[in-house]
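Here are a few short exercises to help you find your way around a new structure. Try each task yourself before reading its solution.

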Amino acid sequence: MSANGGHDATICGWAVDPAAGREGAVEAVVRGGVLERLTWLSGSAADGLGPTGRLILPGLVDMHAHFREPGNEDAETVATGLAAAARGGFTAVALMPNTTPALDDPSVLARVRASAAATGSPVRVLAYGAVTAGRKGETLSAMGELADAGVVGFSDDGASVGSATLMRNALAYAGAFGLPIVDHPEDATQTAGAEASEGYVATVLGLRGWPVAAEAGSVARSIAILADVVRDVPGARLHLTHLSTAASIAHVRAAKAAGLPVTCDVTPHHLAFTDEWVAGSRRWAWEALDAEGRARDPWADGALAAPPFDTSLRVNPPLRPAEDAAACRAALRDGTADAIATDHAPHTAVDKHVEFGWAANGISGIETALSTVLAAVAAGEVPLMRAVALLTSGPAAVLGPRAGLRPGLRLGEPADLVVVDADASWAVSAASLRSKGKNTPLLGRAVPGAVRLVLAGGRVAHAEG
Amino acid sequence: MTGRRIMTAEDIRRATIRISHEIVEKHAGTDGLALVGIQRRGVPLAARIAAAIRDNEGADVPVGALDITFYRDDLSLVAQQPIVKGTDIAFDLNGRTIVLVDDVLYTGRTIRAAMDALIDYGRPQAIRLAVLVDRGHRELPIRADHVGKNVPTSREEVVKVTLEEVDGEDAVEIERRPGADAGGSAA
Amino acid sequence: MSAGDRPEGAIPTPAPVRWPHRHLLDVDALTRPEIDLVMRTADEMHDVLARPIPKVPALRGLGVTILFYEASTRTRVSFEVAAKNLSADVVNIAAASSSVSKGESLVDTVRTVEALGADMIVMRHGVSGAPYLAAEVFGGSVLNGGDGWHAHPSQALLDLYTMRSRLPGGSLEGRKVVILGDVLHSRVARSNVWTLTAMGADLWLCGPTTLLRGFDAWAARGAAGRRFTVTSDVGAALRDADVVMALRIQKERMASGLLPSLREYAARYGLTSERLRAARPGALVMHPGPLNEGVEIAADVAVDPRSVITDQVANGVAVRMALLYLMAGARRTEAGA
């Protein structure tokens with residue numbers, strides 16, 4: 001297969017390879033789709049190559065995306081989702097099972113795989129199975145069959161596994177296969193009708209508050225259950241997805257310090273956007289902090305540039321104050337967070353062009369994720385090497401050996417890499433996005449990091465021009 | 001000031017006194033007579049005419065002020081000058097002869113609006129019109145009963161009345177409309 | 001031109017302020033001169049209302065659609081009377097709404113209303129921010145008649161107008177104004193935070209802690225930096241108050257566990273003549289209505305001579321006339337520019 005699509009290229013740039021723990025100027029030679037040579041340059045040969053110019057990265061891994069197929073193909077299909085992923089620099093995606101019907105049975109997985117194969121995209125498609133049948137939170141899904149069929153974990157994403165008893169059983173049962181439970185931490189009793197992170201901005205805008213405790217409480221509960229379960233089932237693993245608050249991150253940090261098998265991820269929007277965007281601000285999260293590390297006041301600052309209540313900002317969990325976004329970035333730096341995951345959630349205009357409180361939750365983010373992370377890197381918020389690790393080796397490690405992901409610039413293997421011009425900006429627009437979901441607050445904005453070439457498994461997944 | 005002066009303070013004083021005589025003569029006295037100045041420069045003019053009548057006749061004629069902002073037929077004027085200056089008519093209009101007083105009579109639209117406004121306050125016996133300057137170019141069938149000075153003008157010109165009470169000085173000048181020569185066809 | 005530029009003896013006039021707002025969706029961005037302009041224009045409208053024929057042709061030929069997604073008699077009729085007094089052509093739409101009934105979307109409805117000739121929409125909606133969506137798609141002007149918990153601009157401005165007309169000196173500067181009750185769910189309280197602090201009032205928000213949720217975080221920042229106080233201590237709030245505004249308490253608050261009972265609320269936070277004794281003599285009593293007598297306000301207090309609740313209703317028409325009038329002007333400027 002790879003022999004047909006074999007690609008030839010010679011690329012000079014700044015390579016960042018977390019698997020090798022090395023970054024620097026290189027000349028990479030791809031022949032017949034195989035990374036044939038990687039020459040680390042020095043002296044005058046390296047002139048003009050640097051970490052703010054052309055980057056050569058291992059293919060990115062998104063461990064949390066929604067492609068809406070089957071059931072909601074008006075919002076996204078596997079085909080459009082894969083095109084969007086490739087354009088965003090991702091060569092592997094793990095899809096969430098909240099489709100219609102839910103992926104709680106191997107037949108749905110087969111259907112998703114067939115759709116992926118039909119696209120001819122070289123981007124690898126992985127999938128989670130639902131934790132509970134029909135994602136109803138009542139009984140366990142066909143976990144063993146799903147594991148045999150090759151799911152990479154289990155999740156009821158969109159909601160938490162609400163019942164503590166079910167969570168306990170799920171962790172134990174999936175633990176026998178060495179697969180993680182990927183939980184969306186949210187105590188639904190605290191978030192009924194909630195619209196924006198509880199606090200200053202939500203109060204001013206009259207939006208129903210979404211308490212920090214709804215996430216942190218759920219995180220603490222699941223960690224406590226995990227601590228019990230691992231005593232009996234050493235393979236049990238808990239991954240907490242899209243953490244958004246300092247309080248949840250503190251729980252995970254403590255659990256990791258105690259040696260529990262827990263991992264977590266943060267989305268690009270929770271590390272770079274804040275709740276003040278709902279009021280109309282568009283400054284990056286790190287620009288919204290004062291010298292003492294407290295959130296600035298967008299009303300007092302005159303920072304409200306866009307109309308408020310933009311439904312592209314309605315997301316679960318909600319965008320948080322700048323202090324929480326800062327805690328997310330601190331977690332990325334210190335290893336508390338294991339991955340950056342997009343939670344790519346495309347929606348139709350019918351579901352988004354409505355009243356704020358009635359709009360569907362989610363941001364279409366797989367194409368802007370790398371750009372958003374590079375903005376944080378450029379601001380000195382996350383070191384480049386660490387940021388790339390969080391988008392490659394980090395999620396691959398969370399997904400474990402069964403997923404078979406080995407991101408890295410490996411000689412003699414089919415090339416799986418991204419070429420991106422970190423200093424070139426591109427305009428995010430409805431027309432420029434490959435995803436059917438145009439629901440991003442970055443529409444109309446120029447962001448750094450133009451992806452030029454994506455090779456997945458030695459084949460061209462995306463090429464500019 | 002770039003304009004051509006067509007009336008001095010003394011001209012204005014004499015015109016005001018003449019108008020006051022004409023009003024009393026036409027009305028055959030001062031009984032049932034009242035003056036209503038149109039905001040803004042009609043208001044001090046009405047006060048001056050009333051003072052002249054008092055000097056000549058020894059009679060106090062009631063004076064009111066009329067704001068016609070809500071009666072204009074062009075809302076863009078609202079945007080340029082949204083401030084309403086206020087109507088103050090402290091007497092009963094019914095059965096009286098009302099002399100509307102304004103500084104300049106031009107298209108007639110202001111007077112049309114003023115008559116609409118006035119009628120909302122009551123039913124006068126008659127409405128008459130006194131103006132300091134009539135510059136022509138009527139767009140409505142309206143004429144003044146008492147005129148201080150008839151001034152032939154072109155539409156490219158602006159007649160600018162300044163009064164001591166509002167502007168610190170009494171004068172009438174003609175200026176070229178700003179931008180009239182640039183655009184050529186000022187409608 | 002400022003007053004200082006004028007020669008001595010000239011008639012002082014207010015500094016010319018333009019009304020730049022095509023829409024009025026919130027009061028957070030209103031400047032003090034703009035608020036003053038609304039107040040002066042409302043004064044003129046108040047005079048119009050005192051005439052034998054309380055009607056002027058200012059908005060003749062303009063279509064005003066009153067689009068209410070929430071039941072309201074008071075505000076809807078007030079806007080309708082205001083628009084009719086300005087000779088606008090008024091259309092009333094009581095729209096049903098819910099997130100689940102996949103009926104006509106707000107965007108669709110607004111486009112239809114525009115195609116039918118509306119120049120202005122006055123909108124009431126139960127979801128915070130809904131008028132912004134209408135403004136995004138509508139070619140004319142949108143006036144927020146109350147959205148969710150977020151804002152109620154015309155109510156805040158009529159409250160301010162009522163206070164100014166009744167307080168000696170006509171100024172809010174340094175006056176202690178207390179808003180008492182269910183602050184959490186109140187768009188009236190939120191809008192009043194902006195307007196009253198802009199006018200220099202010493203604003204206090206008071207209620208049970210469950211009904212003040214989030215407001216400590218707001219008070220810590222102030223309204224664009226302008227300070228106000230949040231407390232659950234009703235005694236401290238009412239002490240030497242110049243104005244006390246009680247807010248409606250709804251029965252649903254008990255079901256959601258925010259309050260033990262209406263009886264307990266009335267006993268602890270109800271505005272009684274006993275409590276009102278702590279305020280300044282002659283302190284104004286206000287309420288945006290509708291009243292639950294005996295709950296948030298005692299029956300005798302509601303009809304006390306200090307109560308200006310009926311003034312609020314009458315002033316509502318004048319203030320809404322002023323807003324419709326000013327916005328109509330802004331609309332034309334923008335179209336012409």
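**Exercise 1.** Find how strand β6 (residues 90–95) of chain A and β7(A) pair, and over how many bridges.

*Solution.* In this predicted model, the two strands run in the parallel sense and are joined over four bridges. For a landmark within the pairing, look at V93(A), which stands opposite V125(A) in β7(A). Next, bring in the helix beside them: α3 (residues 106–119) of chain A packs on the sheet and touches both β6 and β7 of chain A. The direction of this helix makes about 170° with that of β7(A).

**Exercise 2.** Work out the strand order of the open sheet of three strands in chain A, and name its edge strands.

*Solution.* Step one is the order, which reads β5-β6-β7 (chain A), with parallel pairing. Step two is the edges: β5 (60–65) and β7 (124–127) of chain A each pair on one side only. Step three is the twist, where neighbouring strands of this sheet are turned by 20° against each other on average, direction ignored.

**Exercise 3.** Check whether the length of helix α1 (residues 32–49) of chain C agrees or disagrees with its number of residues.

*Solution.* Start with the count, which is 18 residues. The expected span is 1.5 Å times one less than the number of residues, so at 1.5 Å a residue this helix should span 26 Å. Then compare with the model: the end C-alpha atoms are 25 Å apart, which agrees. Now look at burial along α1(C): the buried residues include I35(C), V38(C), A42(C) and M45(C). As a hint for reading such a list, residues three or four places apart in an α-helix point the same way, because there are 3.6 residues a turn.

**Exercise 4.** Decide which chains share the most contacts, and describe the chain C side.

*Solution.* Two pairs of chains are in contact, and chains A and C share the most contacts. Here 26 residues of chain C are in contact with 22 residues of chain A. On the chain C side, α3 (106–115), α4 (130–137), α6 (187–198) and α7 (215–221) each supply at least two residues. By class, that side has 12 nonpolar, eight polar and six charged residues. Chains A and B, by contrast, are joined by no contact, and their closest C-alpha atoms lie 24 Å apart.

**Exercise 5.** Sketch the make-up of chain B: how many helices and strands are there?

*Solution.* Chain B has six helices and eight strands. Along the sequence they follow the pattern β-α-β-α-β-α-β-α-β-β-β-α-β-α. Of its 187 residues, 39% are buried.

Key: Residues numbered from 1 in each chain as written. Chains lettered and ligands numbered in written order. Predicted model: local features only at pLDDT ≥ 70, side-chain atom pairs only at ≥ 80, totals over all residues. Buried ≥ 20, exposed ≤ 12 C-beta atoms within 10 Å, placed from the backbone. Contact = placed C-beta atoms within 7 Å. Nonpolar A, V, L, I, M, F, W, Y, C, P; charged D, E, K, R; others polar. Pairing = 2+ DSSP bridges. Axes fitted to C-alpha atoms, helices over the stretch in contact; angles between N-to-C directions.
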